[in-house]
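Reader: I am new to this structure and should be grateful for a close look at a single part of it. Please begin with the chain as a whole and then proceed to the part itself.

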Amino acid sequence: MSVCTLRINDHDLAVPLGTTLLQAARQAGIHIPTLCFLEGLSAVAACRLCLVELEGSDRLMAACVTAAAEGMRVHTDTPRLREIRRTVIELLFTEGNHVCAVCVANGHCELQNLAVEVGMDHSRLPYRFPQRGVDLSHAQYGLDHNRCILCTRCVRVCDEVEGAHVWDVGWRGEHCQIISGLGEPWGDVNACTHCGKCVEVCPTGALFHKTDTSEEKQGHPERLQALMHARNHQQWSP
Amino acid sequence: MSQAIPRKPRLATVWLAGCSGCHMSFLDLDEWLLELADRAEIVYSPVGSDIKTYPKDVDIALVEGGVANTDNLELLYQVRANTRTLVSFGDCAITANIPGMRNLLRGSDPVLRRAYLELADGSGQLPHAPGIVPELLERVLPVHELVPVEVYLPGCPPSAERIRAALEPLLRGELPHLSGADQIRFG
């Protein structure tokens, strides 16, 4: 196994070639905030929260998709990165309609928790209050586009793990949204197996069980991780 | 030579477009309110004073609620002009929150029509009483999108402990530095 050595903050590390900077940091106990990334799914670097600085380069790199390389010197927590991360969270809050007080995910929301982590006590950007819809056509689940941050975890879990590919990303710019089927109501999409994986990995209250009311939705990414572990290692009993 | 006795900070609380839950949480300070009454002069407050017009020379103002109508806007401008430290008090003041959900209907007219005509049982009419019923603004806005704000105190409502964590330094003439889930989490 080929190994490369690198330094992340004050830690000198040796990791197998092909390891991402995010994996290397986490193995060393160095925290890098993430939102679209989820262990068990492919990495897409959509949210930009895991950006890190590399010495000798002005270009910031997303830790979730950047491979560690020999001699790299990486910084994960600089004033510039802290400012970018707070701005990213402010952009997400102001772009949609996130009303924590009446949200199913209040108290269990990754976006809400990240706002605390980046120190967002208010948004310096103006709120857009976009007009967005809610799809309640599925028998068991609902999709509230107001709370969607387009992380695409649902798209990836349905395609890569369930193999149903119900979800996709439709339209562009401010009209960009998650679509089911070919832009049909979720309940009309026959490909859906009703497995609920998309609901379990959604980091906000965008995908939810219809029986959940305020503060009742709990995400369950650990179930995805247990499933992927079982598949990858052929270990089906705990 | 006698030393001048330091003046007690002059404290106001203001209620704009919110449910008054932040003020209820303020009252949850319970016995600490007695200490607060001793350490500060309560010069304006829907729950602590009977004064109807916003006074001058206020040191600290907790402002609850978004800015939804012409009365809210006028009062907010008075608060800003006469207050040293303006605290945006709770999620409605900071994000527009629940009152801001009407912004999805795009403007005051669709909101009034929806509430007073479409959902009325036959005898609906649009409210119109100039000078008595304040006109709705086109959009509900957070306080800091209209006037500068010194301190943000999120929460729906902020807990009594969180309010006290902000007030303690303010009463000493310092700005609070709130952080962590206990002090700045929305919702």
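Author: The model is a predicted one. Chain B contains seven helices and seven strands. Read from the N terminus, the elements of chain B follow the order β-α-α-β-β-β-α-β-α-α-β-β-α-α, so that, with elements numbered from the N terminus, the opening β is strand 1 of chain B. The C-alpha atoms of chain B occupy a box of roughly 75 × 35 × 30 Å along the principal axes. Chain B has 187 residues, of which 37% count as buried. As for its contacts, if one takes those between residues at least 6 apart in sequence, 77% link residues at least 24 apart.

Strand 1 of chain B is the part chosen for the close look. The strand spans residues 10–15 and is mostly covered, since five of its six residues are buried; a residue counts as buried if 20 or more other C-beta atoms lie within 10 Å of its own.

Two pairings of this strand may be described in turn. With strand 2 of chain B, residues 41–44, strand 1 of chain B shares three bridges, and the two run parallel. Within this pairing, B:Leu11 is placed opposite B:Ile42 of strand 2. With strand 3 of chain B, residues 58–64, strand 1 of chain B shares five bridges, and this pair likewise runs parallel. Here B:Val14 has B:Val63 of strand 3 as its bridge partner.

In summary, strand 1 of chain B is mostly covered, and is joined in parallel to strand 2 of chain B and to strand 3 of chain B.

Note on methods: Residues numbered from 1 in each chain as written. Chains lettered and ligands numbered in written order. Predicted model: local features only at pLDDT ≥ 70, side-chain atom pairs only at ≥ 80, totals over all residues. Buried ≥ 20, exposed ≤ 12 C-beta atoms within 10 Å, placed from the backbone. Helix = DSSP H or I, 4+ residues; strand = E, 2+ residues; numbered from the N terminus. Pairing = 2+ DSSP bridges. Contact = placed C-beta atoms within 7 Å.
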